[in-house]
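Thank you for making time for this. Please have the sequence and the structure open while I talk, and stop me wherever something is unclear.

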Amino acid sequence: MVLPSDVSRFVRAAGPEHTDVQARMAAFADEHDFPSIGAEAGAVLRLLARLTDAETVFEFGSGFGYSASWFLRGGADRVVLTEFDADELDAGREFLSDAGLADRCVFEHGDAMETVERYDGPFDVVLVDHQKQRYRDAFDAVREKLPVGGVVVADNVMAGPVDFDALLAHLEGDADAVDADDEFSRGVADYLDAVRDADGFETAAVPVGEGLAVTTKTE
Ligand SMILES: C[S@@+](CC[C@H](N)C(=O)[O-])C[C@H]1O[C@@H](n2cnc3c(N)ncnc32)[C@H](O)[C@@H]1O
């Protein structure tokens with residue numbers, strides 16, 4: 001959590017309750033110490049699907065479908081889930097079938113960076129939540145596949161396997177702040193530089209969960 005705990009509790013309490021299946025997914029994540037996006041960020045994913053009237057959502061790194069379940073709750077017509085762990089993807093298929101949502105899902109086993117090449121888009125919303133050192137490549141792979149108004153959201157830009165203080169110093173102009181050996185923070189720093197510098201895109205950091213960077217295409 002990057003927020004003071006009272007603020008996190010407030011965000012959680014003001015936000016949506018889990019459905020029964022999402023509650024089971026959250027328990028499964030706890031049991032397996034799996035880094036799901038969490039309910040506070042999930043509510044933002046639901047909102048983004050709703051605001052974009054999403055027809056297609058593409059996820060880089062879906063785990064067992066928890067983040068996808070939030071996009072689907074936001075009315076997304078179709079979510080493409082990518083995952084290179086077959087067991088996780090199978091668990092996702094089962095959870096989302098139990099929730100009656102699997103018919104709006106495409107389950108893609110394999111490397112998300114290869115899977116995305118088989119899709120022309122348009123993607124109304126993209127979630128970047130796979131290997132941090134490949135975040136920037138993911139943005140490059142989808143930027144031409146977004147309509148104006150499309151959104152790319154990246155998780156873990158403030159917490160998780162990244163160094164918050166080093167990333168803050170980087171964003172404030174210290175080019176040497178992120179340790180070259182810290183590949184996760186390095187990956188997120190490169191990603192934030194790319195989306196901030198990209199012509200025709202606007203980015204806001206949203207401090208929920210482990211920190212989201214929300215980028216929208218403006219032209
Ligand atoms: C942080 S978890 C994703 C959690 C999920 N988005 C959620 O919030 O429910 C990252 C997942 O991405 C998968 N992953 C990492 N790199 C990947 C890649 N290149 N292609 C496919 N899956 C990948 C991992 O196996 C892991 O399950």
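**A walk through the predicted model**

I will begin in a loop, the one between helix H6 (112-115) and S4, where proline 122 lies. Before going further I should say that this is a predicted model, and I would ask you to keep that in mind throughout. What is notable at this proline is the peptide bond leading into it from glycine 121, which is cis, with omega near -5°. As a general background, most residues other than glycine have a negative phi, and most peptide bonds are trans.

With that background, let me turn to two residues that have a positive phi without being glycines. Aspartate 53, with a phi of about 50°, sits in the loop between H3 and strand S1 (56-60). Asparagine 156, with a phi of about 65°, sits in the loop between S5 and helix H8 (164-171). Which of these is buried and which is exposed? Aspartate 53 counts as exposed, because its relative accessibility is 65%, whereas asparagine 156, at 6% relative accessibility, counts as buried.

Now to the sheet. The model has an open sheet of seven strands in the order S3-S2-S1-S4-S5-S7-S6, and its pairing is mixed. Strand S3 (105-109) and S6 are the edge strands, each pairing on one side only, and from one strand to the next the twist averages 15°.

Two pairs within this sheet illustrate the mixed pairing. Strand S4 (residues 125-128) runs parallel to S5 and is joined to S5 by four bridges, and within that pair valine 126 has valine 152 in S5 as its bridge partner. Strand S5 (residues 151-154) is covered on both faces, with Val151 and Val153 buried on one side and Val152 and Ala154 buried on the other. In the antiparallel sense, strand S6 (residues 201-206) pairs with strand S7 (residues 212-217) over six bridges, and here valine 206 stands opposite leucine 212 in S7. These two strands, S6 and S7, make a hairpin with five residues between them, and in the turn glycine 209 has a positive phi of about 55°.

Next, the nonpolar interior. The largest nonpolar core has 35 residues, and those that touch the most other members are Phe71, Val79, Leu81, Leu96, Val153 and Leu212. Helix H3 (residues 39-52) gives this core its largest share, namely six residues. There is also a second, separate core of 32 residues, which includes Val157, Val162, Leu167 and Leu192.

What does phenylalanine 71 contact beyond its neighbours within four places in sequence? Its contacts there are Leu45, Ala49, Val57, Glu59, Ala76, Val79, Val125 and Leu127. Phe71 is also one of the buried residues of H4, together with Tyr66, Ser67, Ala68, Ser69, Trp70 and Leu72, so that seven of the eight residues in helix H4 (residues 66-73) are buried. Just after H4 comes glycine 75, with a positive phi of about 95°.

Arginine 46, in helix H3, is a useful reference point beside that helix. At 28% relative accessibility, arginine 46 counts as partly exposed, and, not counting residues up to four places away in sequence, arginine 46 touches Pro16, Trp70, Arg73 and Gly74. Its C-alpha is 7.3 Å from that of leucine 72, although the two are 26 residues apart in sequence.

Finally, a pair of helices. Two packed helices are described by the angle between their axes and the distance between the axes. Helix H7 (residues 135-142) packs with helix H9 (residues 183-197) at an angle of about 30°, the axes being 7 Å apart, which makes H7 roughly parallel to H9. From H7, the residues Tyr135, Arg136 and Phe139 meet Gly187, Val188, Asp190, Tyr191, Ala194 and Val195 in H9. Sorted by class, this contact has six nonpolar, one polar and two charged residues.

Leucine 192 also lies in helix H9, and, at 9% relative accessibility, leucine 192 counts as buried. Leaving aside neighbours within four places in sequence, leucine 192 is in contact with Val157, Leu171 and Ala213. Between the C-alpha atoms of leucine 192 and tyrosine 135 the separation is 9.2 Å, with their positions 57 residues apart along the chain. I am happy to take questions.

Terms used
Residues are numbered from 1 along each chain as its sequence is written. This is a predicted model: local features need pLDDT of at least 70, side-chain atom pairs count only at pLDDT 80 or more; totals for chains, interfaces and linings use all residues. Side-chain values use heavy atoms; hydrogens and water are left out. A nonpolar core is a set of buried Ala, Val, Leu, Ile, Met, Phe, Trp, Tyr and Cys residues joined through side-chain atoms within 4.5 Å. Buried means under 20% relative accessible area, exposed over 50%, partly exposed in between (1.4 Å probe, protein chains only). Contact means heavy atoms within 4.5 Å. Two strands pair if DSSP finds at least two bridges between them. Axes are lines fitted to C-alpha atoms, for helices over the stretch in contact, and angles run from 0 to 180 degrees between N-to-C directions. Angles under 35 degrees count as roughly parallel, over 145 as roughly antiparallel, 65 to 115 as roughly perpendicular and the rest as oblique. Ala, Val, Leu, Ile, Met, Phe, Trp, Tyr, Cys and Pro count as nonpolar, Asp, Glu, Lys and Arg as charged, and the others, Gly among them, as polar.
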